[in-house]
Amino acid sequence: GFPEILSVIADGKKKTAADVWHTDESFRERPPTASVLRAITVPKLGGDTLFSNAACAYAGLDDDMKARIRDLKAMHGPTYAYQRRGHKTSFVDPQKVKRQEEENPPRPQPVVRMHPETGEAILFVNEGYTGPIVGLSDSESAKLLRHLWDQFKKPDYQLRVKWAPNTIVVWDNRAVQHYATADYSEPRRMERITVAGTDIPRGVNFKESQSHIAA
């Protein structure tokens, strides 16, 4: 009776699609503002969710890398998730995949976006939905993306949530990435609400961003 609530169910035997660093639906014109996740049934061991701060991931880059990526754009689309995971998506309905790809063709998004409320520079590429970087060769794009994706794996930037029944976590989908560990063998059931986005990602005006933070 509540269509806004999505049941996320795993039996603990088949791999899920969320065990990769990602931000929800970054391929949309206005990506989701926030996500809300509630635990219903959790395994006795495992099934944690990790979160990584995308502002820290950008801030930790050296100055040369920041200068290199500040004006770049990368393609985002659900198609890249399915291509990258290959056989691991065997549990996904092919017709649903086709429909999602038709409804959400790849679109360019800034590699570094400005958070619309804090003015922070956010590293806005994720292993789930980001495809090639516009204007770079395939090999150069792949190498650069791998380096940027690796920033989210640093423990310094992370929070790990160990779920219990009725634990609720709310996160800013524009400022963090998350990763659902697939290290459990018992049923896991969650309920999720994804909050519609209001902002089109835009690149950072670094002068404006720094003055905003300083204020």
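Okay, let's start with one residue: Glu191 sits at 18% relative accessibility, so it counts as buried, where buried means under 20% relative accessible area, exposed over 50%, and partly exposed in between, with a 1.4 Å probe and protein chains only. Before I go on, this is a predicted model, so local features need pLDDT of at least 70 and side-chain atom pairs count only at pLDDT 80 or more, while totals for chains, interfaces and linings use all residues. Residues are numbered from 1 along each chain as its sequence is written, and side-chain values use heavy atoms, with hydrogens and water left out.

Back to Glu191. Its salt-bridge partner is Arg38, and the closest N and O atoms are 3.4 Å apart; the criterion is a side-chain nitrogen of Lys or Arg within 4 Å of a carboxyl oxygen of Asp or Glu. The pair ties together distant parts of the chain, with Glu191 in strand S12 (residues 188–195) and Arg38 in strand S2 (residues 34–41), 153 residues apart. Helices and strands here are DSSP runs numbered from the N terminus: H or I with at least four residues for helices, E with at least two for strands. Arg38, at 32% relative accessibility, counts as partly exposed.

The next pair is Arg160 with Asp48, where the closest N and O atoms are 2.9 Å apart. This one also links distant parts of the chain: Arg160 is in strand S9 (residues 158–161), Asp48 is in the loop between S2 and strand S3 (49–53), and their positions lie 112 residues apart in the numbering. Asp48 is the buried partner, with a relative accessible area of 10%, while Arg160 is partly exposed at 48%.

Then there's Lys153 with Asp150, the closest N and O atoms being 3.3 Å apart. Lys153 is partly exposed at 41% relative accessibility, and Asp150 is partly exposed at 32%.

How many salt bridges does the structure hold? The count is 13. Glu117, Asp172, Arg174 and Asp199 are linked in a network of them.

Now for a helix. H5 covers residues 138–150, so Asp150 from that last pair falls in its range. H5 has 13 residues and reaches 18 Å from first C-alpha to last, close to the 18 Å expected at 1.5 Å a residue; that expected span is 1.5 Å times one less than the number of residues. Which residues of H5 are buried? They are Ser141, Leu144, Leu145, Leu148 and Trp149. Looking down the axis of H5, these fall within an arc of 135 degrees, so they line one face of the helix; the arc is taken over the directions from the helix axis to the C-beta atoms. The face turned away from that buried side carries the exposed residues Ser139 and Lys143.

A quick stop at Pro105. Pro105 is in the loop between helix H4 (94–103) and strand S5 (107–110), and is partly exposed, with a relative accessible area of 44%. The C-alpha atoms of Pro105 and His76 are separated by 8.5 Å, with the two residues 29 apart along the chain.

Last, the whole protein. There are six helices and 12 strands, and buried residues make up 45% of the 215 residues. Of the contacts (heavy atoms within 4.5 Å) between residues at least 6 apart in sequence, 87% join residues at least 24 apart. The accessible surface comes to about 11600 Å², of which 53% belongs to carbon and sulfur atoms; that's Shrake-Rupley with a 1.4 Å probe.
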